[in-house]
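This report describes the fold, the strand pairing, the nonpolar cores and selected backbone features of one protein chain. Please consult the sequence and coordinates alongside the text.

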Amino acid sequence: MTSSDQLRAAILLAAAMAEHERQCAERSLRFAERHEGLLDTGSDEQRKLHERMSAINRGSAERHLATRRIHLAHAERLRNWRLDDPPGVEPFMSAMAEIVGAPTALTLVGSSLAQAYASASDGVAEAAQDLELMLSEGPMTDAVRAGEPAVAEVGSRSNAQRWPLYLPALADLGVREVVAVPVGSRWSRLGALAVFGPGRAGATVRRLGQVADALTQSVLLASDSAGGFPYLTFFSAGSGRSTIHRAVGMLCERMGCGPADALALLRARAFTAGLAVETVASGVVRREITLD
């Protein structure tokens, strides 16, 4: 399959997923309306049950509609995307940024909560995300570890004590605020979604939480009838910043260490050299940098 064929297939998939989410939303709304029509019948216990089922189904409809907006924006970005665009231009994350109204980054983690995938909507989000990888501190890191939202505000005393290295570096990027929310469920932490420089942190936490919930339930954890995960094509090996993970694998093999130690070596070199972790990783992959 050629690159053009893959692009057309991705557009068709995004459009099909948007239509699927619309149908799911309509079905949930019908269920909600059915229960609401029964509120004045039966006992008090039955009324409470119908109220609860109505709320559940209306919440489900909102999630499906939020996911539909993501897929529609993604399909539009893909239609406008050129195959010769720079590697850093990622249509799915650009669509996410359009939905939340600010630069956006997504980090997915493995079972040890170490970063397994990183993707950003633009250079600002990518640079801010790389700061966390290099410094091992920041709101996305805390959102994953604690399983709750984290807000970083430049100039905040409490934040300065919490993230003493991250906040000054963030200010140098011209970002004044970061809101990060966990991605996953009560049983599985999958990562964190962050938005950079939005303002109005309280409202942003709620909105970003809704987007993260839609992303989790209808993209990351959604399987098809055959047990596959078709939406995960949006997070294929060709997307995201996979250079870091290639470098970690090469260091593990070359130095006989584990992934955590290999990533620590990359972070240390990046920190001392004043470079992005991905820049060092790229040098390792090209065999231009050795960390022996």
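In the antiparallel pairing of strand β4 with β5, V178 has F196 of β5 as its bridge partner. The structure is a predicted model, and the account below proceeds from this strand pair to the cores and then to local backbone features.

**Strand pairing around β5**

Strand β4 (residues 177-184) pairs with β5 through seven bridges, in the antiparallel sense. The two strands make up a hairpin, with four residues between them. Strand β5 is also joined to β1 (residues 104-109), by five bridges and again in an antiparallel arrangement. In that pairing, A105 is found opposite A194 of β5. Because seven of the eight residues of β5 (residues 189-196) are buried, this strand is largely enclosed by the rest of the structure. As a general point, side chains in a regular strand alternate between the two faces of the sheet.

**Overall composition**

The chain comprises 11 helices and five strands. Buried residues account for 44% of its 292 residues. Of the contacts between residues at least 6 apart in sequence, 60% link residues at least 24 apart. The exposed area of the chain is about 15,000 Å², of which 52% is supplied by carbon and sulfur atoms.

**Nonpolar cores**

Which residues of the largest nonpolar core touch the most other members? Within this core of 41 residues, they are Y166, L170, V178, F196, I244, L266 and V284. The bridge partners V178 and F196 are thus both in this group. For V284, the residues touched, leaving aside those up to four places away in sequence, are A247, M250, L251, R254, L266, I289 and L291. A second core, separate from the largest, has 25 residues, including A95, L193, A212 and L220. In soluble globular proteins, nonpolar side chains tend to be buried together.

**Helix α3 and strand β2**

Helix α3 (residues 91-100) is mostly covered, with nine of its 10 residues buried. The buried residues are P91, F92, M93, S94, A95, M96, A97, I99 and V100. One of them, A95, is among the members of the second core. S94 of this helix has its C-alpha atom 7.8 Å from that of A120, although the two residues are 26 residues apart along the chain. A120 belongs to strand β2 (residues 115-120). Is A120 buried or exposed? Its relative accessibility is 3%, so A120 counts as buried.

**Residues with positive phi**

Helix α3 is followed by G101, which has a positive phi. Positive phi values also occur at S136 and at R287, neither of which is a glycine. The three values are listed below.

| Residue | Phi | Place |
|---|---|---|
| G101 | near 80 degrees | after α3 |
| S136 | about 60 degrees | loop between α4 (123-135) and α5 (139-146) |
| R287 | near 65 degrees | segment after α11 (277-285) |

The two non-glycine residues can also be described by their accessibility. S136 counts as partly exposed because its relative accessibility is 30%, which lies between the 20% limit for buried and the 50% limit for exposed residues. R287 has a relative accessible area of 63%, which is over 50%, and therefore R287 is exposed.

Notes: Residues numbered from 1 in each chain as written. Predicted model: local features only at pLDDT ≥ 70, side-chain atom pairs only at ≥ 80, totals over all residues. Heavy atoms only, no water. Buried < 20%, exposed > 50% of the residue type's maximum accessible area, 1.4 Å probe, protein only. Pairing = 2+ DSSP bridges. Contact = heavy atoms within 4.5 Å. Areas by Shrake-Rupley, 256 points an atom, 1.4 Å probe, with all protein chains shown as cover. Core = buried A, V, L, I, M, F, W, Y, C linked by side-chain atoms within 4.5 Å.
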